[in-house]
Amino acid sequence: MTPFRVAVLGSGAVTNVLYRSALQEIREEIELVGLADLNQPSAEQLLHDFPSAKFFTDYHAMLEQLHPDAVIVALPHFLHRPASIDALRMGIHVFCEKPMAISAAECNEIEAAVRETGAIFCVNLLRRWFPSVQEIKRMVDARALGALTSFEATEGAPYGWPAMSFSFFDRKISGGGVLMDSGVHTLDLLQWWLGPIEVVEYLDDAAPNGVECDCVAELRVGGAQGSLRMSRSVELPNMYQLQFERGWIEWDHDDATQFRFSSDGKTTVEATVRCGARWASGSRFTFALAQQLRSFARACCGESPAGLVLAGEARKSVDIITNCYSRRKELVIAGE
Amino acid sequence: MIPSNNPYSGARCDAKYAVLGAGGFVGAALVERLFRAGAQVVPMIRRIGTGGALLARFGLPQRLANVLDQESLRAAFAGIDVVFHCVTGDRAAIVQGLENSLAAAQAAGVRRFVYLSSAVVYGFRPKTTVDEVSRFDPPSWSDYAKNKTSAEKIIGKWRGGPETVILRPSIIYGPRSKDWSETPARQIASGTAYLVDQGRGYMNEIHIAHLLDAMLLAAHHPSAANQSYVLQDGFGRTWQDYYRSLCELLGVEFSTLAAFSWHDVARTSSKLLHYRQWAQDAPAVLRSAVWHDPLKAWLKQAPGFESLRRIASARPAKTVTNGSGRQPPAITPDLGVALLHTYPYPLVDKKIRTELGFTPRLSLAQTLEGLGRWYRFMGLVR
């Protein structure tokens with residue numbers, strides 16, 4: 001069987017931290033044929049692990065010369081749109097790092113290119129692959145605890161991502177701060193579990209040319225009020241709390257196997273989803289990414305794309321973020 | 001924001017500022033103050049991290065600067081009028097880094113250099129009230145105190161510009177203060193907070209906003225040139241007062257906090273145990289040397305000294321009852337905390353008040369209101 005040929009665009013932190021390990025796990029099925037980045041030193045680890053991969057400083061040249069079956073777009077956020085569209089128009093499938101793009105308008109352009117070309121485009125929203133997250137989805141969909149009445153999500157910790165440049169801190173490059181970066185995961189899960197989210201109010205601490213470090217949003221799903229708090233400055237509870245008519249669900253963010261719920265509002269059930277040991281390990285993110293990449297490769301070869309977060313679904317969190325930024329108010333948490 | 005009746009208290013739009021250590025608590029707050037005042041400011045950070053995320057709010061170009069690399073500093077200081085030095089780290093960063101920064105500032109023609117030192121240079125057991133002329137007495141077991149003292153000595157001998165100003169705050173608290181506002185609150189919320197000797201010692205705190213006021217005065221006031229200042233809020237608070245306020249903010253009953261005596265600290269302090277181990281293992285001549293160390297000085301003066309001399313074997317950490325039915329958390333009191341909680345005197349900051357017109361402008365209630373807002377965001381207060 002001919003291996004599925006993939007090229008990676010971008011060798012920044014996410015490539016080195018996540019994709020390198022994930023691609024190693026599935027190297028029998030997916031062959032890394034090329035890597036493009038302006039900065040060769042950052043690519044050295046990956047090139048060392050995949051010695052047959054060719055390095056390019058121009059991704060256009062790489063796509064033209066190698067014409068891979070698919071690309072992984074792991075570039076700074078503002079390049080997700082042009083790089084994805086370039087690849088799609090060459091008939092190359094795209095697996096894009098989150099966020100899909102940095103605005104709803106950019107998502108429209110990508111969706112148009114997907115429709116035009118018929119190629120597969122999906123976004124790495126790996127928490128959806130966690131067994132705990134999927135079990136919560138089943139509980140909510142089954143209305144096991146009745147209708148949703150309120151919800152709260154918090155995610156925050158002192159910024160510790162091993163960024164290789166200031167690109168995450170430049171609005172033109174990143175498209176935003178903590179909301180665009182981590183919030184895209186949070187909002188994706190909330191809307192996946194609960195349904196369409198309406199933004200009631202949004203506050204953050206960015207000056208006009210800056211990116212937010214902390215933010216707060218008041219949200220609504222149907223008749224249920226909810227809130228979101230995110231931070232790059234301080235540890236937050238890092239918990240999702242969903243309140244229903246007859247009980248509640250609590251999920252600690254990034255726990256791939258466990259959550260808590262109550263079906264009577266009094267008794268707490270500590271639920272552990274039966275699944276492989278990898279999901280409870282420190283490598284669960286790599287594992288989730290490898291699972292996605294494997295499904296992506298198969299979908300590109302004609303199998304069902306079930307489980308993949310395709311453009312129409314991936315854009316929903318970006319739409320909410322665009323809405324938040326458009327109605328921004330100033331947040332004063334620690335100011336004088 | 002800043003008292004308007006003091007002509008030297010505000011940021012100036014005609015001055016260009018560099019903040020070394022801009023990724024830290026004080027440095028990032030100072031950049032925010034300068035940015036919001038419309039001043040030109042160059043934030044300099046050692047690496048991309050939390051501080052970088054805070055600074056990114058302003059859209060300012062951030063500059064990576066290593067105080068151990070004098071050449072990079074010299075280039076970074078070109079055109080700068082005032083350097084604020086808020087760097088911390090290991091001995092090399094604090095001592096050699098300061099010398100490099102001063103030399104680079106001199107070469108770049110920087111007008112004034114404001115150094116953020118610490119009242120820790122006076123040690124933990126002053127014999128009398130502490131002011132600018134008090135003798136330095138850093139305890140031998142505190143690398144930080146020793147390094148800060150060494151750094152101050154460099155400034156003391158520095159000649160040929162720029163003008164230097166040293167500020168010696170003690171406890172800097174307020175929103176985003178990890179050590180003095182976040183950690184105590186989390187400990188109170190989790191049932192692991194404690195006070196030693198009822199926290200009757202003077203806290204000698206300064207709110208971050210007041211420290212920034214003082215730093216700007218230090219940058220501009222003519223009388224500040226080549227001076228040093230101790231400073232504090234002047235609320236006269238003890239640690240007990242502070243913890244009581246935090247308990248009120250967090251909705252925790254103050255009486256539930258764990259309480260330790262000096263005897264408890266002596267039994268459980270890892271630093272003391274380490275010292276005892278060292279003393280047992282070391283040759284007699286070294287033991288003798290240790291006895292002439294500043295450690296001896298504070299040991300002699302510490303409350304409960306007799307029990308310290310008899311340092312007993314370590315006992316299990318003290319546990320507290322939190323009423324939740326869960327296993328209560330174990331607490332091991334820390335020697336450094338114990339020394340702070342029993343600090344005997346208020347710092348005397350008359351000099352900065354009279355010479356520079358420094359006046360804390362926030363009331364105690366306002367400082368607590370700001371903390372409460374921060375705690376609500378963190379989820380510590382519902």
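Trainee: Which residue stands opposite B:Leu20 in strand 2 of chain B?
Mentor: This is a predicted model: local features need pLDDT of at least 70, side-chain atom pairs count only at pLDDT 80 or more, and totals for chains, interfaces and linings use all residues. Residues are numbered from 1 along each chain as its sequence is written; chains are lettered from A and ligands numbered from 1, in written order. Helices (H or I, at least four residues) and strands (E, at least two) are DSSP runs numbered from the N terminus. Opposite B:Leu20 in strand 2 of chain B is B:Met44.

Trainee: How many bridges join strand 1 to strand 2 of chain B?
Mentor: Strands pair if DSSP finds at least two bridges between them. Strand 1 and strand 2 (residues 40-45) of chain B run parallel, and their bridges number five.

Trainee: In strand 4 of chain B, what is the bridge partner of B:Leu20?
Mentor: Strand 1 and strand 4 of chain B also run parallel, with four bridges. There, B:Leu20 is partnered by B:His85.

Trainee: Why is strand 1 of chain B largely enclosed by the rest of the structure?
Mentor: A residue is buried if 20 or more other C-beta atoms, placed from the backbone, lie within 10 Å of its own, exposed if 12 or fewer, and partly exposed in between. Strand 1 of chain B is largely enclosed because its buried residues number four of the five.

Trainee: What is the strand order of the open sheet in chain B?
Mentor: Strand 3 (63-64) and strand 10 (227-230) of chain B are the edges, each pairing on one side only. The seven strands pair in parallel, in the order 3-2-1-4-5-6-10.
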